[in-house]
Amino acid sequence: MSEANIESILQEKRLFSPPTDFSEKAHIKNFQDYQQLYEKAKANPEKFWAELAETELDWFQKWDTILDWQPPFAKWFVNGKINISYNCLDRHLKTWRKNKAALIWEGEPGDSRTLTYAQLHREVCQFANVLKQLGVTKGDRVGIYMPMIPEAAIAMLACARIGAPHTVIFGGFSAEALQNRLLDAQAKLVITADGGFRKDKIVALKEQVDQALTNNGAPSVENVLVVERTKQKIHMEAGRDHWWHDLQQSVSADCPAEPMDSEDLLFILYTSGTTGKPKGVVHTTGGYNLYTHMTTKWIFDLKDTDVYWCTADVGWITGHSYIVYGPLSNGATTLMYEGVPRSSNLGCFWDVVEKYSVNIFYTAPTAIRAFIKMGEHHPKSRNLSSLRLLGTVGEPINPEAWMWYHKIIGNQRCPIIDTWWQTETGGVMITPLPGAISTKPGSCTLPFPGILADIVDLEGNPVSDNQGGYLAVKYPWPGMMRTVYGDPDRFRRTYWEHIPPKNGKYLYFAGDGARKDEDGYFWVMGRVDDVINVSGHRLGTMEIESALVSHPAVAEAAVVGKPDEIKGEEIFAFVTLEGNYTANDDLKNQLKQHVVQEIGAIARPGDIRFTDAMPKTRSGKIMRRLLRNLAAGQDVSGDTSTLEDRSVLDKLREGD
Ligand code: WTA
């Protein structure tokens, strides 16, 4: 976030109370009710969560211990038996919701589909039987590399139904990135599509899968299941590749949900960290089901008549928790949209809101900033009066964007929930409850009941109001990640020992800088580690650097985030070349393309600057702070006392 934004946030004093008519009908109706819930949960978190687990979810067998906490490893609802696909589907079939729309889907080319709970259940059961037929059994990992089509959600629920942990890989990732994830998860099967529609193009997903598997690239993968979407010609490898619609013909729609242990692996989702290798964040069944269920219910204040739309991709945690599992566990109508605004239709989001009378809309600040740029006539020329609640996620929202959202999209009627959380936390942690908590533009306000969050220094001591520090969580919660897949030590080091534990007390280190104001409201400033946030997507700078240095021309690379008006941050790479290469625009473009190939288009550097040498400290460390300031176009002259060779800096500045 730029200094100007931080400055405006520090001065932000506006307060918006929940509208009375909203509060009257809300699950949590006023601040006192929130406080009571919060205090009750704080006094005895285990009891608080267990009561909700009992009343809100269906269990095949009750747990015998609520929480087994062997820091930093937690087990929730020990020995409980549950299945999240059962909670998302089967239990609703016994109610009037059987014929309620579970999933409304709008395709990019204008096709659409609505699945009731009964229909979704049927499809999931069939899909699960196909997986079984292909030899997938409980515990086997399944890779999902799909466009935003109903089959993506169906595949996830089918995996969950038979106890095969899924790992969804965002469809924008390259073959290389896909292969790394399949290898790490040792996936037995991959589910993909012949292609996906993206803007006015087709993304060749199957081709990427072929590439990832070529030359025995991921030997654990035995079968590939292909959903037909674009009908373009693709290669089908005999014996390995199968069309979903072919196999669907021969399976029954009867597939009882497998009773899973609460702590059985539900999914692995890879996310960027400070090293080159993405981490496989592990989520398990019972706690995740409860946490996503409760947060969806209270934060989005779900009503049975709501049409709820989260614009994320299912390839990210937001899609997992708040398109699929949270809403369906609550029996809601969740909307899935394949498209993105494109020059031929900048108002397409608002068309979707109008077409389906969307009540709850959840998106990223980057999207809002892009909407501002597109002009208010797009939303203003559509009927958005169905909207009653707006949300944001993924990055800090600047007060200007918040106000625009409030005025232009919400018509000053709709509360805004700015939800802070992470892949690792499973669900939202700090957020307004829309009927109870007054909002301030740019603040994610207060912790969800049961979440004990604080701002601390690196010793773990709380800092005073309005003093910046590190966002930390002081007690386990049901939706927390359980480990890094295959690397428990990394889990311990990254999240629980960054702030050294004292007297057996462990603090979860989120990697975000933040402050609390005099009302206890949280203001998240952004990452404090080598992770950058581009358009709400998390990227590790080391990951991009590794991609760059894998190109023969590159001797050394340093990547930093540069503030960007729309995307929040933009990728800025400093590169030194091997002796026999010449710095020119052509090479710049080649390097950008190389990163796209190694990781995916989301990691394409916005800018590359060639330099003869990196500014380093006397001990040889690249001075990233200095590079960040340079990238941001700031004055760095006062910044250089530890710099080894001043002439490097002078040259870098000349490159402006
Ligand atoms: C950032 C996305 C400010 C933060 C759900 C966090 C936010 C990272 C907010 C996690 C918010 C997410 N305000 N920053 N409301 N929400 N972040 O794992 O830096 O993709 O650590 O999860 O996004 O990104 P992730």
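How many of the 13 residues of helix H12 (residues 317-329) are buried? In this predicted model, the count comes to 13 of the 13, so helix H12 is largely enclosed by the rest of the structure. Here, a residue counts as buried when its relative accessible area is under 20%. Just after the helix comes glycine 331, and its phi is positive, near 75 degrees.

Helix H12 turns up again around the ligand. Along with strand E20 (416-419) and strand E24 (522-527), H12 supplies at least two residues of the shell there. That shell has 17 residues, and the ones that come nearest to the ligand are Asp418, Thr423, Asp512, Arg527 and Arg538. Sorted by class, the shell is quite a mix, with six nonpolar, six polar and five charged residues.

A few pairs of atoms show how the ligand meets the protein. Arginine 527, one of the residues that come nearest, has an N or O atom in its side chain 2.7 Å from an oxygen atom of the ligand. The backbone joins in too: a polar backbone atom of threonine 419 sits 2.8 Å from a nitrogen atom of the ligand. For glycine 394, a polar backbone atom is 3.1 Å from a ligand nitrogen. As for cover, the ligand has 530 Å² of accessible area on its own, and the protein covers 96% of that.

Next come the open spaces. The second largest pocket holds about 350 Å³ of space. It is lined by 16 residues, and Tyr38, Glu39, Lys42, Pro447 and Lys516 are the closest to its centre. Two elements give two or more residues to this lining, namely helix H3 (31-43) and strand E21 (453-456). H3 provides the largest share, with six residues. By class, the pocket lining breaks down into eight nonpolar, two polar and six charged residues.

Then there are the closed spaces. The structure has three cavities of 30 Å³ or more, and the largest of them has a volume of about 60 Å³. Among the residues that line the largest cavity are Asn83, Ile84, Cys159, Ala160, Met260, Leu265, Leu266 and Thr285. Helix H7 (150-162) and strand E14 (265-271) are the elements that give two or more residues to this lining. What about charge? The lining of the largest cavity has no charged residues, and its members divide into eight nonpolar and three polar.

Definitions and conventions. Residues are numbered from 1 along each chain as its sequence is written. This is a predicted model: local features need pLDDT of at least 70, side-chain atom pairs count only at pLDDT 80 or more; totals for chains, interfaces and linings use all residues. Side-chain values use heavy atoms; hydrogens and water are left out. Buried means under 20% relative accessible area, exposed over 50%, partly exposed in between (1.4 Å probe, protein chains only). Helices (H or I, at least four residues) and strands (E, at least two) are DSSP runs, numbered from the N terminus. On a 1 Å grid over the protein atoms alone, a cavity is a set of points where a 1.4 Å probe fits but cannot get out, and a pocket is an open set with protein on both sides within 12 Å along at least five of seven lines; lining residues have an atom within 4 Å of a point. Grid points are joined across faces, edges and corners, and a volume is the space filled by probe spheres set on the points. Ala, Val, Leu, Ile, Met, Phe, Trp, Tyr, Cys and Pro count as nonpolar, Asp, Glu, Lys and Arg as charged, and the others, Gly among them, as polar. A residue is near a molecule or strand if one of its heavy atoms lies within 4 Å of it. A polar contact is a pair of N or O atoms within 3.5 Å; within protein, one must be able to donate a hydrogen and the other to accept it, and residues adjacent in sequence count only if both atoms are side-chain atoms. Accessible areas come from the Shrake-Rupley method with a 1.4 Å probe; for residues, only the protein chains shown count as cover.
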